[in-house]
Amino acid sequence: MLHVSVDNYGITVDDESKKIYLDPNKQPHSDFIFISHAHTDHLYKSVRENSNKIITSKITHKIAMHRGYKYGDMYEKHDFKLLDSGHILGSNGLLIEDELYYTGDISIRKRAFMNPAVIPTAKILIIESTFGHPDYIFPRFESTIHNANLIISEMYHQGIPVILLGYTLGKAQILTNVFRHWKPLIVHDSIDVMNKLYSEFGINMDNYVTFAEAEKNSMLSSHKPWLLVAPMASCRNGFLKYIKKKYGALSIGFSGWAVMPHYKFSLGLDYCLPLSDHCDYNDLMTVIKKCNPEKIYTFHGFAENLAEDLRILGFDADPLIYARGKRNTFVKLDTFF
Ligand SMILES: [Zn+2]
Ligand SMILES: [Zn+2]
């Protein structure tokens, strides 16, 4: 019988024979560690060498190493099942003994080259709840992209450059891929690094120049339009403030949080469109129905709210709370973008 608990390292699942940590926030003294994907709020800094059996996908392992995390080799002789969670390239959920399913971060929508998550049936479901509140319902992916193309088209018509903003790993590659028909397409150098990793795994990421190359070759101007994919950040300072001032560019932010009007203003964005690599509230309900669990645990974001809503619907659901009574939200910077 599998048992779920939470300690200062994160979520654990154990039975008499083994203990596995799910996306721990620091290196635990435990046999198995599952790393669902390479966003930094799901990675931990290794302090002891090769003392854990790391279960993850090849792609996640490669991206994590590239981001400076040192995990030693992946452990492959295990009985766990890794299932595509549709969140970013290489992201997986974990099925333990066909009994417990941990989603990691999850999306069930086809988005460009990203496929929807594969969802098994399981008795116990541990589900992320970043957007586990009914305020967060996203439009169709195609509709968001269509609206973005309308804005870009209008700006190009007026000769105004446009900056597309999304999280550096995951969202930015979707933006690079989906808007590649606009020329010239320029990509911030930190995103170029991630794009190259995606290319190595077969995702078409060419047809752009990096920001450094564009500047060097005088491709940027305030009179001729161009499109730049850059990391999501506030437009009130740093790189974005500089670009907007120098070239009169307008910004479009892409995030699930865009459904809340204050998000756009809090980051000083000109436009903000809802596009997420997570499930919205209805998608979460779809995952739960497909999984058909007897027991549900929620984690991340609106964990308490989603568990409460599920209990009203007749499910046995609890949020995962830290032992010290703190909400189990880990380090959440990734999820705000
Ligand atoms: Zn993530
Ligand atoms: Zn996350």
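Two strands pair if DSSP finds at least two bridges between them, and the helices (H or I, at least four residues) and strands (E, at least two) are DSSP runs, numbered from the N terminus. The legends below describe a predicted model, in which local features need pLDDT of at least 70 and side-chain atom pairs count only at pLDDT 80 or more, while totals for chains, interfaces and linings use all residues. Residues are numbered from 1 along each chain as its sequence is written, and chains are lettered from A and ligands numbered from 1 in the order in which they are written.

**View 1. The whole chain, with 10 helices and 17 strands.** The radius of gyration, taken over C-alpha atoms, is 21 Å, close to the 20 Å that the globule rule (2.2 Å times the number of residues to the power 0.38) gives for 337 residues, so the chain is as compact as a globular protein of that length. Of the 337 residues, 45% count as buried, a residue being buried if 20 or more other C-beta atoms, placed from the backbone, lie within 10 Å of its own, exposed if 12 or fewer, and partly exposed in between.

**View 2. Strand 7 (residues 92–96) and its two antiparallel partners.** Four bridges join strand 7 to strand 6 (residues 81–84), and here N92 stands opposite D84. Three bridges join strand 7 to strand 8 (residues 100–102), where I96 has L100 as its bridge partner. In the hairpin of strand 7 and strand 8, which has three residues between the strands, E97 takes a positive phi near 50 degrees. Strand 7 is mostly covered, with four of its five residues buried.

**View 3. An open sheet of six strands with parallel pairing.** The strand order is 12-11-13-10-14-15, and the edge strands, each pairing on one side only, are strand 12 (209–210) and strand 15 (271–273). Helix 2 (residues 141–158) packs on this sheet, touching strand 10 (162–166), strand 13, strand 14 (250–254) and strand 15. The direction of helix 2 makes about 160 degrees with that of strand 15, where axes are lines fitted to C-alpha atoms, for helices over the stretch in contact, and angles run from 0 to 180 degrees between N-to-C directions.

**View 4. I108, in the loop between strand 8 and strand 9 (124–128).** I108 counts as buried because it has 20 C-beta neighbours inside 10 Å. Not counting residues up to four places away in sequence, I108 touches G86, P116, A117, C279, D283, T286 and V287, contact meaning that the C-beta atoms, placed from the backbone, lie within 7 Å.

Definitions and conventions. Contact = placed C-beta atoms within 7 Å.
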